[in-house]
Amino acid sequence: MNILKCPVCAGNMNQQEKILRCENNHCFDNAKEGYVNLLSARKSGDTTGDNKAMASSRRDFLNKGYYEPLAQAVCDCLARYSDDGGSVLDICCGEGYYTAYCAERLERDFYGFDLSKNMVRLAAKRKCGARFFVANIASIPVRDGAVQAAFHLFAPFHAPEFRRILSDGGVIMTAIPGKHHLFGLKQALYDAPYYNDEKEPDAEGLEVVERVHVLSEITLGSQPDINALFQMTPYYYHTPTEGMNRLQTLETLTTPIEFVLVIYKKK
Ligand SMILES: C[S@@+](CC[C@H](N)C(=O)[O-])C[C@H]1O[C@@H](n2cnc3c(N)ncnc32)[C@H](O)[C@@H]1O
Ligand SMILES: [Zn+2]
């Protein structure tokens with residue numbers, strides 16, 4: 001059964017050939033890449049979100065497997081917390097690296113959405129068997145209780161919507177940057193770098209069932225890879241020129257990567 005609901009009337013949806021149609025006949029065309037735009041305002045977040053170049057830079061970086069330890073941990077948790085054939089949703093899926101990683105390894109019904117059409121287009125091009133759609137996290141076009149497991153990586157948190165879409169006994173997991181995450185990058189950028197504080201989001205109505213720690217070390221072997229990683233971080237937007245110049249002289253960079261995967265169920 002399709003987990004989606006109509007963004008106009010909240011009716012159930014059915015896929016008919018290339019058209020997704022609700023029970024009240026509102027229609028949404030599949031784009032040629034295979035995704036569907038379910039933003040009721042018909043406006044994607046591409047003007048405020050990542051542009052096309054940033055989206056493909058993120059894809060190329062992730063495709064090299066630098067963050068595979070996190071993808072593997074998400075996949076292992078999904079295997080433990082959902083059943084064969086269950087519905088899994090990647091919330092703010094970006095260009096779909098993690099969705100595809102898991103969809104290629106687990107027999108589940110995978111869905112992913114993001115506000116950015118550029119991102120969703122790249123995700124759909126992965127042809128991983130997941131269904132991708134454009135939507136806003138503040139109003140997810142998914143039926144109440146329809147999702148058995150969801151994951152949510154490095155994006156805005158919206159506890160009321162997460163709670164609404166989860167089935168009874170369903171889980172949602174989110175990733176928090178761990179204490180040592182990217183400390184090697186921060187050492188190159190700043191004279192006195194701080195450790196991360198592992199602050200968890202405000203998750204009202206949800207309770208933590210497990211925390212999974214993921215710790216690894218990566219070596220970036222080229223300036224373009226170092227720059228791509230830098231662009232993916234918040235430091236990109238507030239680093240003094242001196243630190244940026246220092247980073248641009250490096251040909252390799254070794255850094256720990258560390259995440260805490262926090263898994264919640266409904267209270
Ligand atoms: C840092 S990226 C992470 C993408 C992906 N989860 C990953 O880890 O590769 C954050 C994503 O959140 C999306 N996003 C931001 N605000 C959003 C919103 N209100 N609704 C849906 N997606 C949103 C952005 O378009 C972007 O793709
Ligand atoms: Zn409708």
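**Cysteines**

I started with Cys22, which is buried at a relative accessible area of 4%; buried here means under 20%, exposed over 50% and partly exposed in between, with a 1.4 Å probe and protein chains only. Then I counted disulfides, meaning pairs of cysteine sulfur atoms within 2.5 Å, and the structure holds 0. I looked up Cys102 too: it is in no disulfide, and the nearest cysteine sulfur, that of Cys75, is 4.3 Å away. Cys102 is buried, at 0% relative accessibility.

**Ground rules**

Note to self: this is a predicted model, where local features need pLDDT of at least 70 and side-chain atom pairs count only at pLDDT 80 or more, while totals for chains, interfaces and linings use all residues. Residues are numbered from 1 along each chain as its sequence is written, chains are lettered from A and ligands numbered from 1 in the order in which they are written, and side-chain values use heavy atoms, with hydrogens and water left out.

**Aromatic pairs**

How many aromatic pairs does the structure hold? I get 13, counting rings of Phe, Tyr and Trp (its six-membered ring) with centres within 6.5 Å, where planes under 30 degrees apart are stacked, over 60 edge-to-face and the rest tilted. I pulled up Phe61 and Tyr67, which pair edge-to-face at 5.9 Å centre to centre, with 85 degrees between the planes. Both ends are buried: Phe61 has a relative accessible area of 2% and Tyr67 one of 5%.

Tyr67 also pairs edge-to-face with Phe259, at 5.4 Å between centres and 70 degrees between planes. Which parts does that pair tie together? Tyr67 is in the loop between helix 1 (52–63) and helix 2 (68–81) and Phe259 is in strand 11 (residues 253–266), so the contact ties together parts 192 residues apart in sequence. For my own reference, helices (H or I, at least four residues) and strands (E, at least two) are DSSP runs, numbered from the N terminus. Phe259 is buried at 0% relative accessibility.

I then followed the ring pairs outward: they link Phe61, Tyr66, Tyr67, Phe154 and Phe259 into a cluster. Tyr66 is in the loop between helix 1 and helix 2, and it is buried, with a relative accessible area of 13%. I also checked a C-alpha distance here: Tyr66 and Leu220 are 154 residues apart along the chain and 8.2 Å apart.

**Charges over rings**

I looked for NZ of Lys or CZ of Arg within 6 Å of a ring centre and within 35 degrees of the ring normal. Arg105 has its charged end over the ring of Tyr101, 3.5 Å from the centre. Lys179 lies over the face of Tyr195, 5.0 Å from the ring centre.

**Largest pocket**

The pocket search uses a 1 Å grid over the protein atoms alone: a cavity is a set of points where a 1.4 Å probe fits but cannot get out, a pocket is an open set with protein on both sides within 12 Å along at least five of seven lines, and lining residues have an atom within 4 Å of a point. The largest pocket comes out at about 1300 Å³, with grid points joined across faces, edges and corners and the volume being the space filled by probe spheres set on the points. I find 49 residues in its lining, of which Arg58, Leu153, Phe154, Ala155 and Met232 lie nearest the centre. The elements giving two or more residues to the lining are helix 1, strand 8 (147–153), strand 9 (166–177) and helix 7 (223–231).

I split the lining into 27 nonpolar, 13 polar and 9 charged residues (nonpolar: Ala, Val, Leu, Ile, Met, Phe, Trp, Tyr, Cys and Pro; charged: Asp, Glu, Lys and Arg; polar: the others, Gly among them).

**Positive phi**

Most residues other than glycine have a negative phi, and I went after exceptions. Phe154 has a positive phi near 55 degrees. Phe154 is in the loop between strand 8 and helix 5 (159–165), and it is partly exposed at 36% relative accessibility. Glu17 has a positive phi of about 50 degrees. Glu17 is in the loop between strand 1 (13–16) and strand 2 (19–22). Is Glu17 buried or exposed? It is exposed, at 78% relative accessibility.
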